[in-house]
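Reader: I have a model open on my screen and would like to talk a few spots through with you. Could you take me around?

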Amino acid sequence: MRELLAGFLAAAVFAMAAPQPPTLRLPSVAKPVRYAVSVTVEPGSDTFSGNVDIDVAFLKSTRLLWLNAEALHIQSAVLDWNGKKLEAHSTPGGEQFVGFEFPEEVSGKGVLHVAYSGAISRNSSAGVFQLKEGENWYVYTQFEPTDARRAFPCFDEPNYKVPWRVTMRVRKSDMALSNTPVESEKDEAGGMKTVRFRETAPLPSYLVAFAAGPFEAVSAGKVGKTPLRVITPKGRAGEAKYAVEAIPQLLQRLEEYFGSPYPFEKLDSIAMPISDFAMENVGLITYGQSLLLSKPESDTILRQREFAETAAHEMAHQWFGDLVTTAWWNEIWLNEAFATWMETKITGEWKPEWNEDVSRVEESQGAMRLDSLVSARKIRQPIESDNDIANAFDGITYQKGAAVINMFENWIGSERFRDGVRIYMKRYAGGNATTAEFLAAIGEAAGKNIAPDFNSFLDQAGVPLVTVSLDCADGKAKVELSQKRSLPIGSPGSAHELWRIPVCLKYDAGGAPANQCELMTDPKTEVELKHASGCPAWVLPNGGENGYYRVRYAGDLLARALADGGAHLTLAERTGELGNAGSLVATGDVSPATALGLVPQFSEDTHRQVVEEAAGIAQMLKSDYIPRDLRAKGAKFIRDVFGARAASLGWNPRPGDDDDTRLLRRDLVPFVASVGEEKTLVDQAGTLARKWLNDRSAVDPNMLGGVLETAAEFGDQALFDRLLAAVRAEKDRRVRSVLFDALGSFRDPKIAGQAMALLTTGEFDARESFFALLFGPLSYPETRDLPFEFVRKNIDALAAHVPREVGEDFAANFPAAGEAFCDAKRRDEVKDFFEDRVKKYTGGPRTLAQVIERIDVCIGQRQALEPGLTQFLAKY
Ligand SMILES: [Zn+2]
């Protein structure tokens with residue numbers, strides 16, 4: 001009996017055991033055909049309720065349907081199938097899934113009705129969340145990559161692209177917005193109304209969006225048939241002026257590029273207080289409010305440029321990403337790289353005077369710095385976990401991807417490339433596509449298969465280093481090129497990669513420059529310079545700086561390329577070559593003395609970008625490798641080279657200054673004050689900061705960050721207290737963000753500790769304060785140990801106050817607190833402390849791997865570079 005009973009119980013347990021949920025992707029048992037979602041949303045409430053009807057096509061007969069759902073409370077589920085109403089039993093599926101079990105096997109088609117409720121978060125921007133502006137709450141959504149499942153049970157993968165019908169029940173006083181225009185609006189009892197939106201074109205779940213709150217709408221006119229609006233929180237409509245001007249200009253240029261009109265019915269651009277990101281939801285693009293809106297009196301040049309670039313990026317996604325969607329997250333680089341590449345192209349067409357080609361070079365150099373780490377991702381990285389999805393949205397995907405697209409556009413010609421993009425858009429409109437299909441379309445237009453060449457950059461990490469030498473023996477000019485992976489000193493990486501690199505040589509051909517492009521497929525190759533007459537005075541192996549590679553010049557070729565202040569080079573080339581020379585110090589290919597020797601010459605350039613790049617090289621004089629007693633000499637070098645220019649620019653703008661002068665002032669004056677420790681400028685910053693605290697018109701908005709941070713760096717407790725009082729009272733989010741940066745900039749360790757401690761009180765929103773307060777102290781030798789000590793002591797309290805933001809945990813950034821260490825003992829402490837802890841933060845393991853590698857590289861660099869820097873300064 002006993003045994004029998006035991007056996008009976010075991011069988012019962014077996015029958016009732018919860019089915020195993022999927023691990024990452026949904027099984028191919030069913031797919032959606034269309035959705036109707038209805039939500040009741042009242043801003044200020046912590047929950048919302050929803051009903052979703054999913055037309056499902058079963059691909060196999062089954063009794064169990066898995067969907068994605070996260071933090072949803074399922075109230076009931078019924079499947080309309082074969083004329084029956086089958087009650088579905090919902091079964092838990094861990095954090096990401098919910099299963100629906102039917103009383104009998106089903107197949108063919110059915111409609112699943114689910115009633116549920118979900119959370120409206122107040123401190124994270126994932127899923128359905130709300131933000132406060134003034135006295136009012138506003139509800140928004142952010143679903144990319146995997147948070148639509150927090151708003152409704154669904155097939156939350158980008159390949160399931162179907163029409164959606166959204167209905168919202170909101171307060172009569174609120175505006176409801178979604179991806180399409182309103183179809184009908186009906187008042188109801190209880191002060192509510194039902195707003196029904198038109199059915200969308202086929203969309204993946206991550207592009208669905210809705211919003212509710214007492215918004216105001218500002219018309220931005222029309223482009224073609226598309227009505228454009230900027231949606232602001234109540235009372236902020238007056239701040240949309242620049243956006244209203246820029247959006248139609250950029251959209252029109254995008255339509256021309258794609259050769260097809262904007263693919264959806266309307267386009268709203270909506271402001272989110274507090275949040276910082278932008279998202280390309282179809283017809284309802286979200287922007288951080290301080291990017292989209294500005295009071296005219298506190299507006300800055302950089303805000304306007306960043307907005308224009310971001311708007312071009314998000315609107316480019318309406319075609320590239322929304323109309324044609326990548327099939328899975330391993331292909332997301334294609335969306336993001338393309339939109340990033342497009343943002344400089346389209347804003348550059350609109351505003352040629354912004355020199356967007358130089359911004360492109362600067363971004364590409366930034367990507368190379370990240371890509372030189374062994375722990376860097378490949379552009380196209382296999383996705384094996386949620387961590388990989390979170391990590392996929394990084395500088396490699398965006399900036400390296402954009403740089404590689406630019407290189408191949410230049411290689412096949414911009415018109416043919418554009419024709420290829422048009423073929424691709426037309427062929428896959430409304431559906432999904434892959435990298436292979438994109439490259440095939442480009443290849444068709446180019447008349448050659450570029451896939452093997454392109455893939456050599458997609459599927460292996462790292463930056464190629466091309467070494468060039470010139471041989472003019474027997475009357476012919478030839479260059480010898482060789483390639484290997486560029487790795488910083490101290491890197492544990494291998495250098496066995498081989499790329500197929502389009503190398504574009506620019507060289508002197510009897511006084512005029514000539515261009516010649518070759519595809520380099522071997523480790524070593526020889527190229528005859530066809531247009532040279534005699535031996536060229538100079539050779540630039542990265543003409544136009546369009547290539548994603550670094551260049552090492554043999555012999556005196558670097559000096560020859562940069563002779564006469566690079567007078568024969570374009571602005572993008574001068575900027576790029578200086579950046580290249582500076583970065584080769586880290587790889588041991590250029591000595592510190594050679595790089596620093598370039599600084600005085602280029603500090604005089606008429607273009608701000610070149611001066612800023614020269615200042616970037618001089619920044620190495622701030623490094624920890626410099627022995628303490630020589631640091632004063634490093635500061636003197638900076639004052640000697642840049643001091644006069646900084647002094648003449650001063651902290652205050654002058655009438656008639658052009659934008660470039662204003663931008664140079666913004667960069668150079670704080671640099672000389674801080675790194676050059678220029679006393680007069682420091683004192684002036686302190687005086688101006690104190691003045692500004694009483695009178696907000698005392699500092700030019702473009703200079704506010706530089707003034708406050710410089711004052712804080714050399715400031716005392718009294719200044720900290722005043723800045724803290726100011727941030728508590730400040731209503732303008734952009735000004736608050738400048739104030740947080742200043743609070744994180746004190747060099748006095750005692751004060752820096754007070755700034756970090758603000759993070760555990762919960763007084764300030766972590767989305768605004770986290771990075772500035774926690775990582776600011778990494779900038780100075782006096783304070784750089786503090787962030788790690790602080791995190792080590794307070795990790796639980798910190799974790800309680802940081803949100804999950806756009807697919808990633810803020811907490812995944814904790815290991816960066818140890819990033820500035822440069823010795824083995826500290827590296828091991830960072831590793832020991834975080835190794836297990838980061839596993840619970842999405843995206844955390846890779847952050848830790850990168851931090852550990854940066855410390856290792858720093859240890860190697862210190863050993864290799866300290867003697868050269870010491871010698872340079874000792875002689876100086
Ligand atoms: Zn994007």
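Author: Happy to; below we look at one glycine and then at some helix packing, keeping in mind that this is a predicted model.

Reader: Is Gly44 buried, partly exposed or exposed?

Author: Gly44 sits in the loop between strand 1 (30-40) and strand 2 (47-68). Its relative accessibility is 30%. Buried would need under 20% and exposed over 50%, so Gly44 counts as partly exposed.

Reader: Which residues is Gly44 in contact with, leaving aside its neighbours within four places in sequence?

Author: Gly221 makes a useful reference point, as Gly44 and Gly221 are 32 Å apart in space, C-alpha to C-alpha, and 177 residues apart in sequence. Contact takes heavy atoms within 4.5 Å. With those sequence neighbours set aside, the partners of Gly44 are Arg122, Gln130 and Trp137.

Reader: How are helix 14 and helix 16 oriented to each other?

Author: The axes of helix 14 (residues 571-586) and helix 16 (residues 608-618) come within 9 Å and cross at roughly 0°. Angles under 35 degrees count as roughly parallel, so helix 14 and helix 16 are roughly parallel.

Reader: And what is the handedness of the crossing of helix 16 and helix 18?

Author: Helix 16 packs against helix 18 (residues 659-674) at an angle of about 15°, with the axes 10 Å apart. That angle makes helix 16 roughly parallel to helix 18. Residues making the contact include Val611 and Ala615 of helix 16 and Leu664 and Phe671 of helix 18. As for handedness, the crossing of helix 16 and helix 18 is left-handed.

Technical notes: Residues numbered from 1 in each chain as written. Predicted model: local features only at pLDDT ≥ 70, side-chain atom pairs only at ≥ 80, totals over all residues. Heavy atoms only, no water. Helix = DSSP H or I, 4+ residues; strand = E, 2+ residues; numbered from the N terminus. Buried < 20%, exposed > 50% of the residue type's maximum accessible area, 1.4 Å probe, protein only. Axes fitted to C-alpha atoms, helices over the stretch in contact; angles between N-to-C directions. Parallel < 35°, antiparallel > 145°, perpendicular 65-115°, else oblique. Left-handed = near helix turned anticlockwise from the far one by under 90°.
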